[in-house]
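Visitor: Could you take me through the sheet in this model, strand by strand, with whatever packs on it?

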Amino acid sequence: MVSLYLCLLAVFAEGSSVGSFTWANKEEKPALTWPHGKVYFALAEGEFTRIQTAVLFRNLRRLEAVSCVRFLPKPPSQVAHIKFRNVRHRCAASIGYKPNKILDLYIGWPDCHKTGTLQHEILHGLGMWHEHTRQDRDQYITVFWDKIEQGKEFNFKVSPKDKTLSLPYDYGSVMHYRAQAFSKTGNEITLLPRDQSAFRVMGQRKGISMVDIAKLNRLYDCPATFYRGNDLNGVSYISKITSRHQLPARFYKLRDINAINDGSKSDEESKLIESTTGPQNDLTKENL
Ligand SMILES: [Zn+2]
C-alpha cells in the first residue's frame, strides 16, 4: 500500500522585508525570505525526543554549512519564527517568512525525519517552492492531468510567485516530485520528464542538490564564498545524487567543512535512521 503524506503549503501574501539585502533585478526580488537570513525557530514543547532533536539540529547545521542562512533559537521578544512540530505522519510546511507570524513546520516522525524530507520541508519554510511548479516547467515536464487523483490537481499548478533566479530546471531537486506523485493508481505517471534519464532522480529525498543550494544562496543573496551556481550551464539539469550525509566539499564554505562532518552520530541515532523509511509521496495542499 502506498502511504500518503501531507505537505501543506499555506501561501502567504507577498511583501516581506528583506532588510538590508540588495537585489540587482527588482523582478527577481523574492518575498517570503527571512530578513537578513536570520531564521528564528523553536521546538514545540514536549514533542521531540533528545534523539529527534539531534537529527533536526544536524540538518539545520547542514543547511547552514552550505548557505548564509542562520537558524537562531527564538528569543522571547521575537514573534515571527518557525515552530517545529512533531505530529506523527505529518510532513507539512508553509511557504516562507511573514512578519509577526508563527510558521508551523511539521516534521512528524517516523515519516519525515530523513535528510531530504526534512530539508524539503525546511526549504519551504525558507521561502522555496516546488521545482516542478516553476513558471517554465512545461518546457521540461508534461503533466498528465487525467492520471492525477481527484482533488489533488492543485499540486501541479504553476506557482506564480516562484522565481527561477536564472538557474536551470533541476529534475534532481529535493523540491521536485517523483514521476508517480498523486497518481490515481499509485503507479501511473503523472509527471513525465522530457529527458527520460531524469526518472532516476525525480522525487529523490537523499538531500539538497547543487541547484537547490545555488537557489537558496541566490534567494538570500549570500556572498560569493557560498555556492551560487555560477558554473551551471544549460536550461535543465539532472543533479547527481550524493550521499545523504554529504555533498562534495566544494559546496561548503571552507571553514564549515569540519562542522558538517559529523561522524559522531550515536548508535542509537543510527538505528533510528536506518529502521524507518521516508515518505514515497510529498503531498501538497495550498491554503489559498
Ligand atoms: Zn513540498
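**The sheet and its helices**

Guide: Gladly! Helix α1 (residues 50-66) lies across β2 (38-43), β3, β4 (81-85) and β6, running at about 140° to β3. Contact here means C-beta atoms, placed from the backbone, within 7 Å; axes are lines fitted to C-alpha atoms, for helices over the stretch in contact, with angles from 0 to 180 degrees between N-to-C directions. Helices (H or I, at least four residues) and strands (E, at least two) are DSSP runs, numbered from the N terminus. This is a predicted model, where local features need pLDDT of at least 70 and side-chain atom pairs count only at pLDDT 80 or more, while totals for chains, interfaces and linings use all residues. Residues are numbered from 1 along each chain as its sequence is written.

Beneath the helix heading comes the sheet itself: 5 strands form an open, mixed sheet in the order β3-β2-β4-β6-β5, where pairing takes at least two DSSP bridges. β3 (70-73) and β5 (91-92) are the edge strands with a single partner each, so one side of each has no neighbour in the sheet.

β2 runs parallel to β3, joined by 4 bridges, and Val39 stands opposite Phe71 in β3. The chain passes from β2 through α1 to β3 in a right-handed β-α-β crossover (clockwise from the first strand over the helix to the second, with the strands pointing away from the viewer). β2 is also parallel to β4, through 3 bridges, with Ala42 opposite Lys83 in β4.

At the other edge, 2 bridges join β5 to the antiparallel β6 (residues 102-107), and Cys91 stands opposite Ile107 in β6. Helix α2 (residues 115-125) lies across β4, β5 and β6, at about 165° to β6.

Methods. Contact = placed C-beta atoms within 7 Å.
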